[in-house]
Structure formats: C-alpha cells, structure tokens
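I am opening a fresh page in my notebook for a structure I have not looked at before. Come along and look things up with me.

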Amino acid sequence: DKLKEKLVKTKKSIVEKIEAVIPTGGKIDESTIEEIEEILISSDVGVKATDEIVSILRKKVKEGNVKNFTDVKIILKEELVNLLKNNNFLNLKSKPSVILVVGVNGVGKTTTIGKLGHKFIQEGKSVVFAAADTFRAAAIEQLEIWAKRVGADIIKHKSGADPAAVAFDAVEHAKAKNKDIVIIDTAGRLHTKQPLMEELGKINRVIKKSIPDAPHETLLILDATTGQNAIRQASLFNEIIGLTGVVVTKLDGTAKGGVIFGIKKEIGIPVKLIGIGEDIDDLKKFNPHEFVEALFD
Ligand code: GDP
C-alpha cells in the first residue's frame, strides 16, 4: 500500500540490511547480533532503543529459538512496536481544544498545521489557525493560504506583532464563535534558545488566561531527514516547553525513518502523527503496528 511505498528507503536501510547479515542455513551467533546492532545504530534508531532491542534478541538467540531471518523478523517487529506504543491519541475533549505547534523552521510545521486542519474539518470539526509565527511575514502568508484551502478561520496580526497576543485572540475567537479546535503556529528560531523559551512560555501563560487547562496538546514537529538531530531538537523543546506529542514529517523518500523508534525511548514522548508527503492527505495518525508491518512487509 501507500505507506509501504513511502517507507521503501527506510526499509532498505534497516530491514534489507538485517536480512543480508543473517547467514542462510548457518547459525545466528554473537557476531550476527553485533552486525544487527550496527545496522540499527547507523539507521538512526538511537542507542537506547537499539540496546533494548539487541538485549532481547540476544536473550532469545541464547534460548535457541532464533534460527533464521523469519525468527529475527518476528522478534524485531514485536520489539519495535513495543518501543512505539502510544496509549492515547490527541486530547481533544475540550471545546475549544487548543493545540500548540512548535519546531524549528523548515521541518514542515506550517504544512502539518494545514494538513491537520484539513483532517479535523473533514471530520466535521471547525478549526481556527493562529498565525503566531509573527517573525516571518512569509509564515503568516503561508498559513493564510492553508486556511483558505482547508476552510479554517485564521487569526493574524501584523508581522512583528506579539505572538502571545495572536494566540490569545485566536482562543478568544474560538470561544466566541463556538469553534472546536485552535491550532497555534509558532516561530522556531532555535539558535536563540532563551528568547524562544520566553516566547513559548508567554504564549502558554497568556492562553491559560482564556482557558486555564490550555494548551491541551503541545506538538513538536520533527523532520525525519535530519536523523539524530531530530532527537536533539526533541529533548531541547521538551525541556523548554514540555511536549505531549511528536509529529515526524518527511518520512517519504528518506532512509532515516528509523529515527521514529528512538524518540519515545530517548525523551519519553510518543509520536502521534506522521507526514509522508507534500499532499494535503499525507498526514496520518500514527499507528505503530501498521508502521512496523509496512516496514517489514
Ligand atoms: P516550516 O518552515 O516548518 O513551516 O515548514 P513548511 O511547512 O514550510 O515545510 C517545508 C517544506 O517541507 C515544504 O516544501 C513542504 O512541502 C515540505 N514538507 C512538509 N511535510 C512534508 C512531508 O511529510 N513530506 C515531504 N516530502 N515534504 C514535506
């Protein structure tokens, strides 16, 4: 299917390489396990996640139950799904529900907001975008194009305006007009950690004045093509603002999709959505089982 097609490069970098190091007819031994370990590390799965997978594989090999690639595959699939387990999707029980979206420039933040808005509107929900990345005029324009395209309201101020004021107005607008969901776009200038922390902190404080338990979700957008860099961004943003979920974009056409397996293990935050292309429908609710099946199929 489509997901499988999009994950072809990641499949090549993980699954096909592992298959190649399993001796046909021979014995799976410690050196095979070490080769698998190297493949997982080099395909961005991350050290912690790799350690966990490899120690379970080693145990099962010692027990004598692992004879061929099919056996290895069963173990890997089970462990990879375990690593990704995610008990709850987006918390959208409040009306309006407020979703704060953070991430560095270029990761696909605006596109993801557009696609997410589209998804909600298709489900019959009403959506307000808040153009709180006021630092770049282009960001406001781009979000406006998405708002028109998907049929969301947009609240914007002039470029350079206070992002927290935009966010506050969007939340107030949603309350007044009885809208279901507010999605707040923010600036992502990571080289300025202190100002970014202050800006995001202020947005949080100000929207709480309107809705005390908002934001209901704080989603970090990560670009899969940046590999281990994505993990570093995740831990930094989690420290700065406290995340409830991660969206991994650009999983299509990258060999670094393995990065998705390390995120929860490294920072304790689940992946909730994935981006698999530039089209409006290319944002999917993340289903660990389906993802791993598509990779190994
Ligand atoms: P922002 O700076 O974080 O707001 O990033 P944009 O939303 O402007 O996206 C940057 C580029 O990444 C654009 O060309 C998007 O079309 C592209 N993009 C976003 N998500 C995906 C995805 O899942 N797959 C692919 N292939 N491209 C994506």
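These entries go through the ligand, the pocket and a few unusual spots in the backbone.

**Entry 1: the model.** I note at the start that this is a predicted model.

**Entry 2: around the ligand.** I first looked up which residues surround the ligand, and I found 18 of them. The closest are Gly106, Thr110, Thr111, Asp252 and Glu278. I then sorted this shell by residue class, which gave me three nonpolar, nine polar and six charged residues. Which helix gives the most to the shell around the ligand? I found that helix α6, made of residues 109–122, does so with four residues.

**Entry 3: polar contacts of the ligand.** Next I looked for polar atoms facing the ligand's oxygen atoms. At Glu278, a polar side-chain atom is 2.5 Å from an oxygen atom of the ligand. At Gly106 the partner is a polar backbone atom, and I noted a distance of 2.7 Å to a ligand oxygen. For Gln142 I wrote down 3.1 Å between an N or O atom of the side chain and an oxygen atom of the ligand. I also looked up how much of the ligand is covered: taken alone it exposes 580 Å², and the protein buries 80% of that.

**Entry 4: the pocket.** Where does the ligand sit? I found the ligand in the largest pocket. I put down about 280 Å³ for the volume of this pocket. Its lining has 19 residues, and Val107, Gly108, Lys109, Thr111 and Lys250 are the closest to the pocket centre. The elements that give two or more residues to this lining are α6 and β4, the latter spanning 181–186. I see that α6 gives the most, with five residues. By class, the lining has one nonpolar, 10 polar and eight charged residues.

**Entry 5: unusual backbone.** My last look was along the chain itself. As a reminder to myself, most peptide bonds are trans, and most residues other than glycine have a negative phi. I came across a cis peptide bond between Lys95 and Pro96, with omega about -5°. Pro96 belongs to the loop between α5 (69–84) and β1 (97–102). The bond from Ala214 to Pro215 is also cis, and I noted omega near -5° there. I placed Pro215 in the loop between α9 (193–210) and β5 (217–223).

Which residue has a positive phi although it is not a glycine? I found Asn178, with phi about 60°. Asn178 is in the loop that runs between α8 (163–176) and β4, and β4 is one of the elements I had already listed for the pocket lining.

Key:
Residues are numbered from 1 along each chain as its sequence is written. This is a predicted model: local features need pLDDT of at least 70, side-chain atom pairs count only at pLDDT 80 or more; totals for chains, interfaces and linings use all residues. Side-chain values use heavy atoms; hydrogens and water are left out. A residue is near a molecule or strand if one of its heavy atoms lies within 4 Å of it. A polar contact is a pair of N or O atoms within 3.5 Å; within protein, one must be able to donate a hydrogen and the other to accept it, and residues adjacent in sequence count only if both atoms are side-chain atoms. Accessible areas come from the Shrake-Rupley method with a 1.4 Å probe; for residues, only the protein chains shown count as cover. On a 1 Å grid over the protein atoms alone, a cavity is a set of points where a 1.4 Å probe fits but cannot get out, and a pocket is an open set with protein on both sides within 12 Å along at least five of seven lines; lining residues have an atom within 4 Å of a point. A molecule sits in a cavity or pocket if more than half of its atoms lie within 2 Å of its grid points. Ala, Val, Leu, Ile, Met, Phe, Trp, Tyr, Cys and Pro count as nonpolar, Asp, Glu, Lys and Arg as charged, and the others, Gly among them, as polar. Grid points are joined across faces, edges and corners, and a volume is the space filled by probe spheres set on the points.
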